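The following exercises practise the reading of a protein structure. Each task is followed by a solution in steps.

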Amino acid sequence: MENAFAPISEACVKALSDKTYDKRKVAALEIEKMVTDFKSKKNMPQIKRIIDVLSRDFVRSNDSNKKKGGLIALAATSIALGKDTEKFIEDIVNPIMNCLIDNDNRVRFFASESLYNVVKVARGAVLPFFPSVFNALSRLVTDPDQSIKNGSEILDRLLKDIVIESSQTFDLDAFIPLVRERIMVKSSFARQFIISWISVLNAVPEINMVMFLPEILHGLFQILEDPLPEIQRMCESLLAQFLKIIKMNPSAADIPKMTNVLIVQAQSSNPLIQFYAISWIKEFVQLSGGEILSFSSGIFTAILPCLAFESDAKKNIKDCANAVNLNLLELISNGEDKQKNLSYLDLNSVMEVLRQYLVHSPVPTKIAVLKWVHHLFTEVHDEMSEHANKLFPVLLRDCLSDSSDEVVLQAIVVLAEIVNSATVKGNDFDQTQYRQFLVELLNLFSENNTFLEKRGTLIIRQLCRLLNAEYIYRTFAEILLEERINLKIASTMVRTLNMILLTTSDLFDLRNMLHDIRNEKSASLFECLYRCWAHCPVSTLSLCLLAQCYQHVSEIVTLFADIEITVDFLVEIDKMVQLIESPIFASLRLALISHSNDNADAQHLSRALYGILMLLPQTEAFHLLNNRLKCVPNYWSQPNKISSKSTNESQCNIKFDELFIYFKHIQDLHHQKRVEKRKKNQF
């Protein structure tokens, strides 16, 4: 009967199937000699027959000993064939590959050893099977058996050498999907395997790995979170190599695609990933110029929260995010390329992101956003005008109510820019946008009296610095004149405006303007303010003192005898006395000894101040004013009749009689309100 395993002898078949390694090894050497002999005789069919038998009856057998014997024999066959292995490469490699996933550890070990020997002989001929070999290797490096893992490392090094040798013919397009498929694995060994391959190929001059970077960049950043420091360092080094190449030749990289990846990674909860992603974004901003502005909304989403980091561990992230923010601002302001850069900016998506970060964000983030909004209004006002209506509610309701003074002040800067840029288009100050803003602000104060008390002064002072103070005061006064329901809010608002007027250095010009009511414009402003200030008697008194209407001041003080003297009233009088001693009222103090206007103003002022003194209880303010009046000449010995034609009031066109009647009317309204409130409280 013919031998079924021919040309392999039965003795050799038996030895290949033996459980001992030595006997299988001897049998493999016999097959090697047999193949060498057939090769010398160019008997390729017999060699093919041997390979088929080894594959079918041994390597694919269910008997593990036969598998081991067949694997050793196939490696021996390849050694005997030498370069001619290429002719039978598929028949040799495929059976071995199947055994790499065998359940038996020893079978897998011999399979990896056999594959190594085949690859060592075949070299470049094995590259058509690279995807299969690479797949197998990626599994072997994570094998639980250490001997298999060690063997896979040797095979891995050999395969890399072959790829480098054949770099010009290596199919990179087939390799990248293999990497992309495995780069997201969690195993540290598998990650190390992937990084090593990418690093090796990236180091080969003939291979351009950067062009494929967008496909694997996400996976590389994920490897940064590996628990093993060694893997992290390998990944950091690889990323540094890639970035260096990109900086040397930016045109070779697909920066837009990678930017999208980086924006996602920059929002990672892992600090290392976040830092590297923002670092790359910073480099891309510098490399791309204005084109990067097309990604502004995404970049803002990534960096704005980082600006609020406070811990030392995240300081580098914060600094890097800050650098990105400043670089983007510069791109918007760049004079030479400004218009070109702005063409890349999607203003709608940018404003949507910025608006979101104005609410429920940390203070540094809000500040950065507000500076961006202000910057955009100054640089592209026409395009930003359509966003003003959406911004107003957020700026007013959220930012002005913020617990941080810095946020409040910066929000006012933005609001002022919006209002001012709208106002300058017309000649009149009461532009719709301007008035609407102050109406909304007053509504906000009305809704929250505590807010007015805590932030009112800060907000109004900042507005006066940034906008026309005269417009601010005139418009506030006109709006408050319409207030007839909540008289208390009107009174509180007037006290706030008055104190700012009398104490803020930024309002020096406005005070000087009111100081000379002979001027028609000054007189108009005085009348407007007076009718509003009438809600607060002491504020009215202060305004008249500032405007040097001393005769009228004397008349108002006389009227105080008929006004209900409350604790609040006395507190305000006390504050006003303190202010009389301030530099702002230096001219008032000098007026007490002035001989101008036939001493008329000095006499009216002296009598008014004595009247105020009589209203005061004997507190510190009483003694302060009393000491001041002791330095004043005694006008009481002079005739009671003072020429009304000599006073400041007589030299202007203001109808003080009508103002006096209006003042009494407003005070009557306040008195009625207090009476109604007391009656209501009784029940």
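**Exercise 1. Describe the lining of the largest pocket by residue class, then by position.**

Solution. The model under study is a predicted one.

Step 1. Sorted by class, the residues that line the largest pocket comprise six nonpolar, seven polar and 10 charged residues.

Step 2. The lining consists of 23 residues, and those nearest the centre of the pocket are Lys488, Ser491, Asp568, His670 and Arg674.

Step 3. Three helices each supply at least two residues of this lining: H26 (487–503), H31 (567–580) and H35 (656–682). The largest share, eight residues, comes from H35.

Step 4. The space in the largest pocket amounts to about 630 Å³.

**Exercise 2. Repeat the description for the second largest pocket.**

Solution. Step 1. The volume of the second largest pocket is about 340 Å³.

Step 2. Its lining is made of 15 residues, and Arg495, Thr496, Met499, Glu572 and Lys575 lie nearest the centre.

Step 3. At least two lining residues come from each of H26, helix H29 (537–546) and H31. The helix that gives the most to the lining of this pocket is H31, with six residues.

Step 4. By class, there are six nonpolar, five polar and four charged residues in the lining of the second largest pocket.

**Exercise 3. Is Gln410 buried or exposed? Is Phe58 buried or exposed? State which residues each one touches.**

Solution. Step 1. Gln410 belongs to helix H22, which covers residues 405–423. The relative accessibility of Gln410 is 16%. The limit for a buried residue is under 20%, so Gln410 counts as buried.

Step 2. Leaving aside residues up to four places away in sequence, Gln410 is in contact with Ile367, Leu370 and Lys371.

Step 3. Phe58 is part of helix H3 (residues 44–59). With a relative accessible area of 1%, Phe58 is buried.

Step 4. With residues up to four places away in sequence again left out, the contacts of Phe58 are Phe5, Val13, Leu16, Ser17, Val53, Lys66, Lys67 and Gly70.

Step 5. A distance completes the description of Phe58: its C-alpha lies 79 Å from that of Phe377, and the two residues are 319 residues apart in sequence.

**Exercise 4. Classify the ring pair of Phe130 and Phe170, and explain what the pair ties together.**

Solution. Step 1. There are 22 aromatic pairs in the structure. In the pair of Phe130 and Phe170, the ring centres are 5.1 Å apart and the planes stand at 90°, so the pair is edge-to-face.

Step 2. Phe130 lies in helix H7 (residues 130–140), whereas Phe170 lies in the loop between helix H8 (146–165) and helix H9 (172–182). The pair therefore ties together parts that are 40 residues apart in sequence.

Step 3. Phe130 is buried at a relative accessible area of 4%, and Phe170 is buried at 9%.

Step 4. Both rings belong to a cluster linked by ring pairs, made up of Phe130, Phe134, Phe170, Phe175, Phe193 and Trp197.

**Exercise 5. Which rings have Lys149 and Arg531 over them?**

Solution. Step 1. Lys149 lies over the face of Phe189, at a distance of 3.9 Å from the ring centre.

Step 2. Arg531 has its charged end over the ring of Tyr662, and the distance to the centre of that ring is 5.0 Å.

Technical notes: Residues are numbered from 1 along each chain as its sequence is written. This is a predicted model: local features need pLDDT of at least 70, side-chain atom pairs count only at pLDDT 80 or more; totals for chains, interfaces and linings use all residues. Side-chain values use heavy atoms; hydrogens and water are left out. Helices (H or I, at least four residues) and strands (E, at least two) are DSSP runs, numbered from the N terminus. Buried means under 20% relative accessible area, exposed over 50%, partly exposed in between (1.4 Å probe, protein chains only). Contact means heavy atoms within 4.5 Å. On a 1 Å grid over the protein atoms alone, a cavity is a set of points where a 1.4 Å probe fits but cannot get out, and a pocket is an open set with protein on both sides within 12 Å along at least five of seven lines; lining residues have an atom within 4 Å of a point. Grid points are joined across faces, edges and corners, and a volume is the space filled by probe spheres set on the points. Ala, Val, Leu, Ile, Met, Phe, Trp, Tyr, Cys and Pro count as nonpolar, Asp, Glu, Lys and Arg as charged, and the others, Gly among them, as polar. Rings of Phe, Tyr and Trp (its six-membered ring) pair if their centres lie within 6.5 Å; planes under 30 degrees apart count as stacked, over 60 as edge-to-face and the rest as tilted. A charge sits over a ring if NZ of Lys or CZ of Arg is within 6 Å of the ring centre and within 35 degrees of the ring normal.
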